[in-house]
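Visitor: I am new to this structure and would like a close look at one part of its interior, with enough of the surroundings explained that I can place it. Please take me through it slowly.

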Amino acid sequence: MPGYKAHLTGGAVLGGGTIAAAVHFSYLPYDAWLLSALFSIAVMASLFPDTDTESKGQNFFYSIMAITDVLLIVNHYYQWAAILGLFAMLPALGKHRGWTHTWWAMLLVPVPLIALPWIFFRETWVVTLPFYLAAVVGYFSHLLLDREF
């Protein structure tokens, strides 16, 4: 069973490679902030399936989530902070290698990345699709390394 370092590496390699290909084939613009955000989402999503058990990966994931949540609160983005908090608690609703290690969770867990910007800001799915896909790619890397595919 791969550890958190392998999952971080897998998310970075698969996420980074996918992002680089998308830029190369002009699906994404070369924008440092956008590409950094997409890469970060892919790497964090690669850890998400194992946040349902005490581990170094869980500690790293929740440390990043807590820092992000504090930054959202300090900047008065209370709705986003609440959503992030809710999202981060989801793995506690199951057992290890339960629902978080399924193909359908890989597709459903990132849906808020498309749905919430539309609900709050009426942002089109075309704008948010890259963020959703970055999360799916990162999540997929985890399941692939765990031999769920």
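Guide: Let us begin at M65, which, leaving aside residues up to four places away in sequence, touches M44, L84 and F87. The model in front of you is a predicted one, and in it M65 belongs to the largest nonpolar core, a set of 17 residues in which M65 is listed among those with the most contacts, together with F48, F61, M106, V109 and Y139. The elements that supply two or more residues to this core are α2 (32-47), α3 (56-74), α4 (78-89), α5 (103-108) and α7, and of these α7 contributes the most, with four residues. Apart from this core lies another one, made up of seven residues, and I19, A22, L35 and A134 are among them.

Since α7 has come up, it is worth following that helix to one more residue, S141, which is found in α7, a helix that covers residues 125-145. Is S141 buried or exposed? Its relative accessibility is 3%, and because buried means under 20%, S141 counts as buried. Its contacts, again not counting residues up to four places away in sequence, are with G10, G11, L14 and S46.

With those places in mind, we can step back to the protein as a whole, whose secondary structure consists of seven helices and zero strands, so that, read from the N terminus, the order of elements is α-α-α-α-α-α-α. The radius of gyration is 15 Å, close to the 15 Å that the globule rule gives for 149 residues, and the protein is therefore as compact as a globular protein of that length. Taken along the principal axes, the box that the C-alpha atoms fill is roughly 35 × 35 × 25 Å.

How much of the protein counts as buried? Of its 149 residues, 36% do, and M65 and S141, where we stopped, are both within the buried part. Among the contacts with a separation of 6 or more, 65% are between residues 24 or more positions apart. As for the outside, the accessible surface comes to about 8800 Å², and 72% of that surface belongs to carbon and sulfur atoms. Finally, the protein has 6 positive and 8 negative charges, and the mean positions of the two sets are 7 Å apart.

How values were computed
Residues numbered from 1 in each chain as written. Predicted model: local features only at pLDDT ≥ 70, side-chain atom pairs only at ≥ 80, totals over all residues. Heavy atoms only, no water. Rg over C-alpha atoms; globule rule 2.2 N^0.38 Å. Buried < 20%, exposed > 50% of the residue type's maximum accessible area, 1.4 Å probe, protein only. Contact = heavy atoms within 4.5 Å. Areas by Shrake-Rupley, 256 points an atom, 1.4 Å probe, with all protein chains shown as cover. Lys, Arg positive; Asp, Glu negative; His and termini not counted. Charge placed at Lys NZ, Arg CZ, Asp CG, Glu CD. Core = buried A, V, L, I, M, F, W, Y, C linked by side-chain atoms within 4.5 Å.
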